[in-house]
Amino acid sequence: MAEVIIVEDARAGGALVGRALADQLREQPDLVLGLATGSTPSSTYAALAEIVRAESIPVDRLTGFALDEYVGLPAGHPESYREVLIREVVAPLGLDPSQIHVPEMLPDDPQRSGEVYEAAIDAAGGVDVQLLGIGRSGHIGFNEPGSSLASRTRIKTLTEHTRVDNSRFFDSLDDVPIQCMTQGVGTILRAKRLVMLAFGAAKAEGIAAAIEGPLTAAVPASAIQLHEYVTVVVDEAAASRLEHTDSYRSAWAHKPAWQSLLPIGAPRRSDG
Ligand code: F6R
């Protein structure tokens, strides 16, 4: 069972996770953070940046690895995930842009692009804490339903569903790229800790399937059930289809601090 924390709203979830990340960064200045994009992690990045500034936590040794990137957007496109991360993470935290890595398709050798990204993650010592959102289809990263649970970073085609969801960031659906490069499910599972965030009723079904449904490639997010250290932070709306909310609430309310996965700290045994 994952550690499931039900919070009031995205702001409260962001404050909780932002605090945990800031405390970990103070203890471990060379933290390697796996970065999700989209709407969900924004409140976490904002909270983290606020704490880092207020408490003068050094960030010069922090490294970030994006989960995914669109293929085919011109360099500097405001909706490329590199640019999104520059706006939401690099600038507010005061990082050098070189501290953030984003998967990049090598035009001369698309097949090798994934291996290059995996090698960069390995060279950094692996991801310490991977932040995850979840798509309505149950995707993590851009691993759409049917993705191999052992997959590594590679080029994928986005589903129509995801393109429609993400068209809110573009002028029209036609402007949403068709392909992307994404860390694989297997890549994500290699991170030392996973923190999944989901806010709003549109995520309720995916969250229920990910946490309580069967482990299946049809719901790539269900692969988090294979990970030993996973915390899921949801608001009431995103939790509304979960069956075992009573046990999640009482576990969180009564869990001794040493047993909780948040604050993040060194891996500890949870009762999950
Ligand atoms: C983005 C990513 C996706 C999003 C998911 C939810 O890097 O990997 O899996 O986390 O599509 O997107 P939002 O947060 O915009 O609802």
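This is a short dialogue on reading the sheets, a helix pair and the pockets of a predicted model.

Me: How are the strands of a sheet held to one another, and which order do the strands of the seven-stranded open sheet have?

Reply: Strands of a sheet pair through backbone hydrogen bonds, in either a parallel or an antiparallel way. In this model, seven strands make an open sheet with parallel pairing, and the order is β1-β10-β9-β6-β2-β3-β5. β1 (3–7) and β5 (100–101) have a single partner strand each and stand at the edges, so one side of each is left without a neighbour in the sheet.

Me: How many bridges join β2 to β3?

Reply: Strand β2 (residues 32–35) and strand β3 (residues 63–66) run parallel and are joined by four bridges. To find one of them in the structure, start at L35, whose bridge partner in β3 is A66.

Me: What is the pairing in the sheet of three strands, parallel or antiparallel?

Reply: That sheet is also listed as open; its order is β4-β8-β7, and the pairing is antiparallel. β4 and β7 (154–157) are the edge strands, as each pairs on one side only. From one strand to the next, the twist averages 30°.

Me: Where can I check the register between β7 and β8?

Reply: Four bridges join β7 to strand β8 (residues 179–182), and the two run antiparallel. One place to look is T157, which stands opposite Q179 in β8.

Me: What describes a pair of packed helices?

Reply: Two values are used: the angle between the axes and the distance between the axes. Here, the axes of helix α1 (residues 10–27) and helix α2 (residues 42–54) come within 7 Å and cross at roughly 45°. That angle makes α1 oblique to α2.

Me: Is the crossing of α1 and α2 left-handed or right-handed?

Reply: The crossing in which α1 passes α2 is right-handed.

Me: How is empty space found, and what volume does the largest pocket have?

Reply: A probe the size of a water molecule is rolled over the atoms, and this shows where empty space is left. In this model the largest pocket has a volume of about 390 Å³. Its lining has 23 residues, and those nearest the centre are T37, G38, I134, H139 and N166.

Me: Which helix gives the most to that lining, and what classes of residue make up the lining?

Reply: Helix α5 (residues 160–166) gives the most to the lining of the largest pocket, namely three residues. By class, that lining has 10 polar, eight nonpolar and five charged residues.

Me: What should I look for in the second largest pocket?

Reply: The second largest pocket holds about 300 Å³ of space. It is lined by 16 residues, with E69, Y70, L73, P103 and E104 closest to its centre. The elements giving two or more residues to this lining are β4 (68–71) and α3 (81–93). The largest share, three residues, comes from β4, which is also an edge strand of the antiparallel sheet. The lining of the second largest pocket has nine nonpolar, three polar and four charged residues.

Key:
Residues numbered from 1 in each chain as written. Predicted model: local features only at pLDDT ≥ 70, side-chain atom pairs only at ≥ 80, totals over all residues. Heavy atoms only, no water. 1 Å grid on protein atoms, 1.4 Å probe; cavity = no way out; pocket = protein on both sides within 12 Å on 5 of 7 lines; lining within 4 Å. Points joined across faces, edges and corners; volume = space filled by probe spheres on them. Nonpolar A, V, L, I, M, F, W, Y, C, P; charged D, E, K, R; others polar. Pairing = 2+ DSSP bridges. Axes fitted to C-alpha atoms, helices over the stretch in contact; angles between N-to-C directions. Parallel < 35°, antiparallel > 145°, perpendicular 65-115°, else oblique. Left-handed = near helix turned anticlockwise from the far one by under 90°.
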